Amino acid sequence: SLSSLTNLMNTIDVRFIEAIDLLNNCKGHIIVTGFGKSSIIGQKFVASLNSISIPAIHLHANDATHGDMGVITKSDIVIFITKSGNSLELNPLAIGVKAKGAKSLLLTSNEEASLANLCDLICQVPVNMEADEDNLIPTNSSICYLAVFDALVITLKKLKGRNKSDFGQNHPSGTLGKIYFSKVEDVMDYLKPSVSDKSNMKTVISSISSGRKGATVVLEKNIVIGIITDGDLRRALEKYNDIFKINAIQIMTASPFTIKPKDLLNKAFGLMKDNKVSQLIIVNENSDYLGILHIQELLALGF
């Protein structure tokens, strides 16, 4: 396998660059087709392209010649994958692709393949032998074709300027998707621990404990005026001889940081990180208190 990849690296030529240029300028879909193991490798390539917002379709060659090639338009580029290049079943499809005016790219290990005459560009993937002693099981060839397709994806990703945000948008259930596109309202639980500005420390401690957010919000006539965290309590113990003789307003942090339900969690995490706080108060457009967002909730999502 290593020797096959080394051979591939040493023999890849300008046609790889031409293939990149062809795919990068595609105005439609990149359509990938083949038979057997080639088809499976093509599916992986298609999935990788779609994950970075490059529209791609896997089209099984047998289905294509029985009606499914209707999906192909002249704006598309069709990639044929065949190690031998002599899979005669692919020839009718290649003829049909040409008739539709679509461009075609052939990835094969055989430059003299019959299919080569029907495609616009050939990219050779040299494979001399498979890994098994009978030279039957797609092993070295599978690795080499996967390597070429991975190189194509990585290069196209860079040329298209795709980034983590694009990738995350296509993975809403994955970690990146949650980080880049989830909103505060997606995780808020509407627990609203609060005290008044005149509440004593027993009430404050009870509110912090019951609220399970490591903090409680200080309200004056239902308006948020401050926040008291576990840290504020510890500092109060150091400052006052008897904290049960003071009120909430004396130890609260005024003008606390807030976040709105429609704001992205990524924004919330940035606020916490930049200001070195563990909680944000969730408020609506009218500044009504809706709950508290704790940094542990974001860390649990993968931030």
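**Helix packing and empty space in a predicted model**

When the whole structure is searched, 1 cavity of 30 Å³ or more is found. I should say at once that what we are looking at is a predicted model, and everything I describe this morning is to be taken in that light.

Let me stay with that enclosed space for a moment. The largest cavity holds about 40 Å³, and the residues that line it are Thr 11, Ile 12, Asp 13, Arg 15, Cys 123 and Gln 124. By class, this lining splits into 2 nonpolar, 2 polar and 2 charged residues.

From there I would like to move to the helices, and to take helix H6, residues 140-160, as our reference, since I will describe two of its partners in turn.

The partner I take up now is helix H2, which covers residues 14-24 and packs against H6 with the two axes 10 Å apart and an angle of about 50 degrees between them. At that angle H2 and H6 are therefore oblique to each other, and the crossing in which H2 passes H6 is right-handed. If you would like to find this contact on the screen, look on the H2 side for Phe 16, Ile 20, Leu 23 and Asn 24, which meet Val 148, Ala 151, Leu 152, Thr 155, Leu 156, Leu 159 and Lys 160 of H6. Sorted by class, the contact of H2 with H6 comprises 8 nonpolar, 2 polar and 1 charged residues.

The other partner is helix H3, residues 36-51, whose axis comes within 10 Å of that of H6 and crosses it at roughly 15 degrees. Because angles under 35 degrees count as roughly parallel, H3 is described as roughly parallel to H6. Here too the crossing is right-handed, as H3 passes H6. On the H3 side, the residues in contact are Ile 41, Lys 44, Phe 45, Ser 48 and Leu 49, and on the H6 side they meet Ser 142, Tyr 145, Leu 146, Phe 149, Asp 150, Leu 152, Val 153 and Leu 156. This contact of H3 with H6 is made up of 9 nonpolar, 2 polar and 2 charged residues.

H3 and H6 also bring us to the pockets, for each of them supplies at least two residues to the lining of the second largest pocket. About 230 Å³ of space lies in that pocket, and of the 14 residues lining it, Phe 35, Lys 37, Ser 38, Thr 82 and Lys 83 lie nearest its centre. Its lining consists of 5 nonpolar, 6 polar and 3 charged residues.

What, then, lines the largest pocket? There are 18 lining residues, and nearest the centre of the pocket are Ile 227, Thr 229, Val 277, Ser 278 and Gln 279. The space inside amounts to about 270 Å³. Strand S8 (223-229), helix H11 (230-239), strand S9 (253-254) and strand S11 (279-283) each contribute at least two residues to this lining, and H11 gives the most, with 4 residues. In terms of class, the lining of the largest pocket contains 6 nonpolar, 8 polar and 4 charged residues.

That is where I will stop, and I am happy to go back to any of these regions on the screen.

Note on methods: Residues are numbered from 1 along each chain as its sequence is written. This is a predicted model: local features need pLDDT of at least 70, side-chain atom pairs count only at pLDDT 80 or more; totals for chains, interfaces and linings use all residues. Side-chain values use heavy atoms; hydrogens and water are left out. Axes are lines fitted to C-alpha atoms, for helices over the stretch in contact, and angles run from 0 to 180 degrees between N-to-C directions. Angles under 35 degrees count as roughly parallel, over 145 as roughly antiparallel, 65 to 115 as roughly perpendicular and the rest as oblique. A crossing is left-handed if the near helix is turned anticlockwise from the far one by less than a right angle, and right-handed if clockwise. Contact means heavy atoms within 4.5 Å. Ala, Val, Leu, Ile, Met, Phe, Trp, Tyr, Cys and Pro count as nonpolar, Asp, Glu, Lys and Arg as charged, and the others, Gly among them, as polar. On a 1 Å grid over the protein atoms alone, a cavity is a set of points where a 1.4 Å probe fits but cannot get out, and a pocket is an open set with protein on both sides within 12 Å along at least five of seven lines; lining residues have an atom within 4 Å of a point. Grid points are joined across faces, edges and corners, and a volume is the space filled by probe spheres set on the points.
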